[in-house]
Structure formats: C-alpha cells, structure tokens
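Happy to walk through this one with you. Take a look at the model first, and then we can go over it in questions and answers.

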Amino acid sequence: MYDYIKKILTARVYDVAIESPLEVMSRLSRRLNNRVLLKREDLQPVFSFKLRGAYNKMANLPRAALEKGVICASAGNHAQGVALSAQRLGAKATIVMPRTTPAIKIQAVRDRGGKIVLFGDNYDEAYQHARQLEAEKGLTFIHPYDDPDVIAGQGTIGMEILRQHPDHIEAIFIAVGGGGLIAGIAAFIKYLRPEIKIIGVEPDDAASMYQALKQDRRVVLDQVGIFADGVAVRQVGEETFRLARERVDEMIVVSTDEICAAIKDIFDDTRAIAEPAGALGAAGLKKYVERTGVTGANLIALNCGANINFDRLRHVAERAELGERREALLAVTIPEQPGSFRRFCQTIGKRSITEFNYRYADTRQAQVFAGIQLTEGDGEKNRIIETLREHSYPVLDLSDNEMAKLHIRYMVGGHAPGLRDELLYRFEFPERPGALLQFLTGMAHDWNISLFHYRNHGSDHGRVLVGIQVSTAERGQFDQFIHKLGYPYADETDNPAYRLFLDSRG
Ligand SMILES: Cc1ncc(COP(=O)(O)O)c(C=O)c1O
C-alpha cells in the first residue's frame with residue numbers, strides 16, 4: 001500500500017496534465033437531492049485522463065529506452081496519451097491501432113507525431129502485434145492499465161480530489177475498463193480516507209471487473225459491447241484486479257440508454273459533451289442514489305473523457321430520454337377503420353407524443369409504433385399500457401427492445417398491398433405539448449389515414465408525413481379541407497422516393 005502512496009505523491013504528471021477542476025453539478029444536485037460534483041478530466045490536453053499514467057510511466061524510463069522508442073496498442077485515448085508524452089519527452093512512439101479505429105482518432109495521434117501501425121480488426125489483435133514488434137525491435141511497451149507507474153499516474157486524480165474537497169465525501173464513482181484508473185484512485189483514497197466509498201461503473205455489456213470481483217477471478221468475457229469504447233475490455237489487469245479486490249467497495253453496471261441519459265445530464269450542467277465511457281461515473285452515481293435513497297450527501301463522479309465522434313451524438317440524443325425513463329416506446333394494434341387513429345390518440349390523452357409511425361397493413365388492423373413522453377417514469381408507463389388494454393388495444397412494450405429501437409422504428413412502412421387512392425402529404429405544425437393530438441383532431445374526417453410518420457426532433461416545428469385515402473370523386477372536397485386546416489403542407493404523392501418505397505402501386 002505504502003509503495004503506491006509514495007509513487008502517487010511523486011508521480012510526474014503535471015508536465016503535461018492539468019489539475020482538473022472539481023465542479024458542482026447544480027441541476028443534477030437539485031434533481032437528486034444530493035451535492036453532485038464532477039471531476040473534469042475531459043479538460044485534459046488530450047481530452048481524457050490517460051496522459052497521466054502514460055506520462056508517468058514514460059518519464060520514469062531510462063533515457064536509452066526512450067531513445068530506442070516506446071510502443072503501445074490502443075484504439076483511442078491511451079494512444080493519444082502516449083503520443084503526447086513521447087512528443088514532450090523527445091521519444092519515438094509507435095502506436096498499433098486496429099484497422100477499425102475511427103479516422104479522427106488516427107489523425108489525433110498522427111498530429112502528435114506518433115508512428116501509426118494499423119493492424120487487426122480489434123484491440124486484442126492489435127495488442128498481440130504490438131507485443132511482437134516490442135520483442136522484434138527492442139521497444140518498451142506502455143501498458144494502458146496493468147502497470148504500477150500507469151496506475152500511480154491515474155492515482156494523482158485521487159490526490160487532487162482530497163485536496164479540492166477536504167470535507168465529507170460519501171462516494172466516488174469511477175469508470176472501469178482494464179482497471180488502472182480505479183486502482184490508482186482507490187489506492188490513494190483508501191489509505192487516507194477509508195470511509196469514502198470507491199464505486200466502479202461499467203456498461204452492462206462490458207462488465208469485466210463486475211464479473212471478476214463477483215467470481216473472484218479475472219474472467220475473460222466472450223464478447224464486449226463497444227458503445228463505451230474507452231472501457232471495452234474483455235479482461236481486467238492482474239495488478240489492477242489485485243488492488244480492486246482489496247479497495248473497491250462496489251461495482252455498478254449501467255445500460256447504454258442510461259449512459260446516454262448521463263451524457264445529457266453532463267451537457268445540461270456544463271455544456272460539455274462526454275464520451276460514453278466519460279459519462280459512466282455520473283450514470284452509476286444516479287443509479288446509486290436511486291437504489292440507496294441517499295440524500296444530502298457529497299457524491300463525486302469522474303468525467304474521464306470527451307473523445308467522441310460527432311456522428312455518435314445522434315444515437316446519444318435518440319436514447320437519452322429512454323435512459324431516464326422519460327419516454328415509453330409501445331407497439332399498439334388498432335382497428336383499420338376511419339377515425340380509429342384519432343380515438344387511439346385521445347386514449348393516450350394530453351401526453352406529448354415523441355414518435356408515431358404507422359402504415360396500413362390489411363383491412364382488419366394496423367400496428368402503430370408510438371413513443372410517449374413520461375413525467376413519472378415506469379409507473380406512468382404501466383398505467384398507460386393498462387388504459388390502452390382496457391380500451392381493447394393489444395400493446396407490446398418496446399422500451400427495452402434493442403432491435404426495435406435500433407431498426408424497426410425506421411422500418412415501419414413499405415408498400416401496402418391492395419391499398420387504393422392514397423395521397424401523400426407532408427405537414428408542419430408548431431411544436432408544443434399536445435400539438436400532435438391537435439393536428440390529428442384537425443385532420444378528423446371520414447378519410448382513412450393509411451400512413452403516418454412523426455418524430456419529435458426537439459425543434460420548434462413538428463414534421464409529419466401522412467398518407468390519406470381519397471377517391472378521385474372526393475378530390476375537390478379534400479383540397480378544400482386541407483387548405484382550411486391551416487398548416488403549411490406539400491403534396492408528395494409524386495415524389496420518386498414515395499413511389500419506390502411506399503406506394504402500393506409499387
Ligand atoms: C474515457 C475513459 N474512461 C475510462 C477508461 C478506463 O480506464 P482503465 O482502463 O484504467 O480502467 C478509459 C480507458 O482508456 C477511458 O479512455
């Protein structure tokens with residue numbers, strides 16, 4: 001134990017790292033009835049804490065080893081930490097990255113002067129190749145977590161936390177990949193303040209430390225989810241496991257949707273975007289508060305990284321409300337007849353509808369894919385389902401159905417066999433609570449709605465695509481009706497995309 005304290009106190013990190021701020025998250029604190037603080041490791045020069053461990057390890061190497069060169073395997077944050085440290089120390093760095101590494105991360109390493117070798121399709125293959133090059137070329141391998149100097153470098157975060165917050169702390173929530181970060185922080189905190197709980201957080205599809213501690217051995221996971229790519233590790237380190245066994249109080253696992261909700265919480269409080277692994281601490285903290293019911297405590301979450309591709313924010317925004325249990329996704333079967341669509345909306349009541357996908361299937365019934373905003377979580381969702389069933393609508397809850405959330409929601413549609421006289425219109429209406437129901441009530445008429453697509457995109461205007469069956473004889477009457485409706489619209493019946501993908505005439 002003493003060894004680590006000495007190593008942490010004398011660690012060389014501040015040549016490259018900043019002492020990151022510890023900030024109060026006011027909004028989340030109010031919501032959770034606790035004082036929540038966020039350690040901003042996302043503000044480090046490479047946008048993650050990883051340079052602490054990498055630099056400390058490399059600064060302790062003999063000059064000759066630095067001159068010969070260092071090597072590492074990494075798809076992201078460690079690579080950038082090693083490249084920056086090598087640049088500062090005047091060393092040569094070879095970074096082996098899987099061929100699947102996003103271009104933005106390859107570029108970030110290249111910008112720091114690192115030599116990149118692209119090899120294999122995943123981290124394990126890149127790792128094996130790096131170890132082979134290490135032996136062949138006499139390079140020094142910089143491990144991403146399983147090395148006392150790397151662990152000590154990460155441990156300086158624990159030292160900063162105690163300096164920045166000398167008062168009572170109930171718990172610190174830390175993302176776990178290979179375990180270097182939590183091992184270093186736990187080593188320092190448990191030595192000086194053993195009463196502070198050290199809680200690790202992992203995604204439920206990459207829970208290697210959770211499983212290892214549960215089974216008391218370093219299990220190798222068959223597969224790991226890569227949403228939180230910073231912590232996608234199949235097996236935790238040997239030394240990190242030894243330290244975690246002694247000093248970690250608890251592990252919490254969270255879902256992808258809960259991670260997305262935490263990214264939003266961090267954004268709401270700080271206007272900073274965390275990468276998925278970076279938001280794990282906050283996600284675990286929220287789950288801990290929910291489970292224990294603790295109030296009035298000081299709780300610290302680590303935001304350990306911000307290296308996220310901009311494109312991924314689309315998925316994050318898509319899932320954040322679901323992760324907060326503020327949205328329910330339901331498949332509801334309704335009778336295929338004029339007016340049934342509107343009656344279904346009235347049953348849902350004044351709640352905001354976040355998504356509404358429907359396509360005529362046959363003459364008897366239709367399936368609706370509906371997203372409904374919740375203000376009271378799962379209890380409210382269950383009440384909605386009960387009400388719909390009382391009104392004889394068969395309902396399937398899709399809120400936790402990954403396949404439906406990833407694919408089916410985008411696939412509701414297709415050519416409707418046997419459907420006649422369909423016109424396709426696109427509308428815009430001002431977006432506010434109840435706006436969709438109002439729109440539908442305005443549409444209330446004897447014409448049958450055969451297609452409906454709506455998704456709330458958080459903008460000030462709702463956009464819907466509607467298919468309506470109108471016979472040639474009724475066309476004049478329909479044109480008048482649509483004009484009187486008062487919403488901006490466009491006739492899309494001749495749009496070639498409609499013809500290709502939806503039109504029943506194929
Ligand atoms: C952003 C982020 N968070 C957490 C971790 C996990 O750190 P460790 O492997 O030391 O557990 C990593 C590792 O690369 C990371 O990049």
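The questions below go from the domains to the ligand shell and then to the sheet.

Q: Into which domains is the chain divided?
A: Keep in mind that this is a predicted model. One domain is made of two pieces, 10-44 and 166-321, and is called domain 1. The chain is divided into that one plus domain 2 (50-141), domain 3 (325-400) and domain 4 (413-501).

Q: How far apart do the C-alpha centres of domain 1 and domain 3 lie?
A: Domain 3 covers 325-400, while domain 1 takes in 10-44 and 166-321. The distance between their C-alpha centres is 36 Å.

Q: Where does the ligand's shell lie with respect to the domains, and why?
A: The ligand is surrounded by 21 residues, and the closest are Asn77, Gly177, Gly180, Gly230 and Gly305. Domain 1 and domain 2 both give residues to this shell, so it lies between domain 1 and domain 2.

Q: Which helix gives the largest share of the shell around the ligand?
A: Two helices each supply at least two residues of the shell, namely H5 (77-89) and H9 (180-192). The largest share is three residues, and it comes from H9.

Q: How many residues of the shell around the ligand are charged?
A: Sorted by class, the shell has nine nonpolar residues and ten polar ones. The charged residues in the shell number two.

Q: How far apart are the end C-alpha atoms of residues 171-189?
A: In an unreviewed entry, UniProt places the feature "transmembrane region" at residues 171-189. In the model this span is 53% helix and 26% strand. Its end C-alpha atoms lie apart by 11 Å.

Q: Which strands are the edge strands of the eight-stranded open sheet?
A: The order in this sheet is E14-E11-E13-E12-E16-E17-E15-E18, with antiparallel pairing. An edge strand here pairs on one side only, and that applies to E14 (395-397) and E18 (489-491).

Q: Over how many bridges do strand E11 and strand E13 pair?
A: Strand E11 spans residues 327-335 and strand E13 spans residues 365-373. Ala328 stands opposite Ile372 in E13. The two strands pair in the antiparallel sense, and the number of bridges is nine.

Q: What angle does the direction of helix H15 make with that of E11?
A: Helix H15 (residues 340-348) packs on the sheet. Helix H15 touches E11, E12 (353-359), E13 and E16 (448-455). Its direction and that of E11 make an angle of about 145°.

Technical notes
Residues numbered from 1 in each chain as written. Predicted model: local features only at pLDDT ≥ 70, side-chain atom pairs only at ≥ 80, totals over all residues. UniProt positions renumbered as here; feature names shortened; annotations may be inferred. Helix = DSSP H or I, 4+ residues; strand = E, 2+ residues; numbered from the N terminus. Near = placed C-beta within 6 Å. Nonpolar A, V, L, I, M, F, W, Y, C, P; charged D, E, K, R; others polar. Domains from an automatic or database assignment. Pairing = 2+ DSSP bridges. Contact = placed C-beta atoms within 7 Å. Axes fitted to C-alpha atoms, helices over the stretch in contact; angles between N-to-C directions.
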